[in-house]
Amino acid sequence: MTSDATGGPGGEFPDALLSLRDLRVSYPGKGRRAPRARILKGVSLDIRPGETLGLVGESGSGKTTIGRAVLGLAPVESGTVTFAGSRIERAGRARRRALARDLQVVFQDPYTSLNPSLTVGDTLGEPLLGQGAGTKEARARIAELLERVRLPADAAGRLPREFSGGQRQRVAIARALALRPRLVICDEPVSALDLTTQRTVLELLLEIQEETRVAYLFVTHDLGVVRFMSHRVAVIQGGELVETGDAVQVTSEPRHPYTRALMLAAPVADVREQRRRREAAELSARS
Ligand SMILES: Nc1ncnc2c1ncn2[C@@H]1O[C@H](COP(=O)(O)OP(=O)(O)OP(=O)(O)O)[C@@H](O)[C@H]1O
């Protein structure tokens, strides 16, 4: 079966910024004779400019692998990845370097994703200088970025260890934004943060999207977060997309049994809300 989060039956989004078609990723088996481990089994999805596609599914379902395949970090067996009109699934190193202008990533763990020996200024300056900016231009852009993510200007001279998890994640976001990308892959960007900090970082990402029209592929296992952030949601199970659609519709009236099960498994503090969800899921299962 081919999984599909495109514009509908045969209805691709003609204005898509990123399109995956029948994408298959597999890794060599562990032993010499072991079969390859098939991780993505024919995934198709579209993301339009300025849009957030939330990608949800349980641990091991292949969410991160989709992001890695787009970034050229997972072995694509077959299928296509088209970004801004060009096929990139087999892009070499030079093309990848050029693509870094438009395609960036924010990882889950702000404690390991930043180089501990680089100051925040050097962390933000690296991509700018690497793409040919002059020192003065880079310095101005660093100041702008720090202000954008609401860090003080003197943060530039400090090391990551001097910052909290939420502040570090804001540095990681600033670094991803440095080159004004068109798409940022956000791989569980708030899962390592406490709830209040999560909210601040998510709101920051939304503000930035409003200002810049950046698109996000937003990977998360948290249905509350996905609903808050996404325009559309794709649900992945065992390397296949099982349901896709408008974020509110998928999270409040899921059609696929797997999505319903995910919804029921999602922790909610409020017992009445838990009951409401269960009843809604049962109703929708009957209809
Ligand atoms: N380099 C690799 N070699 C072999 N198998 C891999 C490799 N990377 C990932 N996998 C396997 O691919 C499957 C999907 O992993 P992936 O990280 O995409 O899942 P996920 O949905 O992002 O999970 P999580 O929410 O736990 O991060 C897992 O079974 C994982 O063990």
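A residue is called buried here if 20 or more other C-beta atoms lie within 10 Å of its own, and exposed if 12 or fewer do. With that in mind, begin with the whole protein chain of this predicted model, in which buried residues make up 41% of the 287 residues.

**The whole chain**

Colour the protein chain by secondary structure, and ten helices and eleven strands come into view. Among the contacts in the chain with a separation of 6 or more, 67% are accounted for by residues 24 or more positions apart. Now select residues 18-263, the range that an unreviewed UniProt entry annotates as "domain: ABC transporter". Over this range the chain is 37% helix and 26% strand, and the C-alpha atoms at its two ends are 27 Å apart.

**The ligand and its shell**

Next, select the ligand together with the residues around it, which are Tyr27, Ala37, Ile39, Gly57, Ser59, Gly60, Ser61, Gly62, Lys63, Thr64, Thr65 and His221. If you colour this shell by residue type, you will find three nonpolar residues, eight polar ones and one charged one. Two elements, strand 3 (37-47) and helix 1 (63-70), each supply at least two residues of the shell, and helix 1 gives the most, with three residues.

**Helix 1**

Keep helix 1 selected and show its side chains, asking how many of its residues are buried. The count is eight of the eight residues, so helix 1 is largely enclosed by the rest of the structure. Going along the helix, the buried residues are Lys63, Thr64, Thr65, Ile66, Gly67, Arg68, Ala69 and Val70. An α-helix has 3.6 residues a turn, so residues three or four places apart point the same way. Just after helix 1, stop at Gly72, which takes a positive phi of about 80°.

**The six-stranded sheet**

Now select strands 7, 8, 9, 4, 10 and 11, which in that order make up an open sheet with mixed pairing. Strand 7 (103-106) and strand 11 (240-246) stand at the edges, and each has a single partner strand, so one side of each is left without a neighbour in the sheet. From one strand to the next, the twist averages 20°.

Within this sheet, look at strand 4 (residues 52-56) and strand 9 (residues 215-220), which run parallel and are joined by five bridges. Leu55 can serve as a marker for this pairing, since its bridge partner in strand 9 is Val219. Strand 4 also pairs with strand 10 in the parallel sense, over four bridges, and here Val56 has Val235 of strand 10 as its bridge partner.

**Strand 10 and its hairpin**

Select strand 10 (residues 232-237) by itself, where six of the six residues are buried, so this strand is largely enclosed by the rest of the structure. In a regular strand the side chains alternate between the two faces of the sheet. With side chains shown, Arg232, Ala234 and Ile236 point one way from strand 10, while Val233, Val235 and Gln237 point the other way, and all are buried.

Add strand 11 to the selection, and an antiparallel pairing with strand 10 over six bridges appears, in which Ala234 has Thr244 of strand 11 as its bridge partner. The two strands form a hairpin with two residues between them, and Gly238 in the turn has a positive phi of about 50°.

**Strands 2, 5 and 6**

For another set of pairings, select strand 2 (residues 18-27) and strand 5 (residues 76-83), which run antiparallel and are joined by six bridges. Ser19 stands opposite Thr82 in strand 5, and Thr82 in turn has Arg87 as its bridge partner in strand 6. Strand 5 and strand 6 pair in the antiparallel sense over two bridges. They form a hairpin with two residues between them, and Ala84 in the turn has a positive phi of about 45°.

**A last stop at Arg90**

Finally, select Arg90, which is placed in the loop between strand 6 (86-87) and helix 2 (93-99). Is Arg90 buried or exposed? It is exposed, because 10 other C-beta atoms lie within 10 Å of its own, and the limit for that class is 12 or fewer. To end the tour, add Leu20 to the selection: Arg90 and Leu20 are 70 residues apart in sequence and 13 Å apart in space, C-alpha to C-alpha.

Note on methods: Residues are numbered from 1 along each chain as its sequence is written. A residue is near a molecule or strand if its C-beta atom, placed from the backbone, lies within 6 Å of it. Ala, Val, Leu, Ile, Met, Phe, Trp, Tyr, Cys and Pro count as nonpolar, Asp, Glu, Lys and Arg as charged, and the others, Gly among them, as polar. UniProt positions are given in the numbering used here, feature names are shortened, and annotations may be inferred rather than shown by experiment. Two residues are in contact if their C-beta atoms, placed from the backbone, lie within 7 Å. Two strands pair if DSSP finds at least two bridges between them. Axes are lines fitted to C-alpha atoms, for helices over the stretch in contact, and angles run from 0 to 180 degrees between N-to-C directions.
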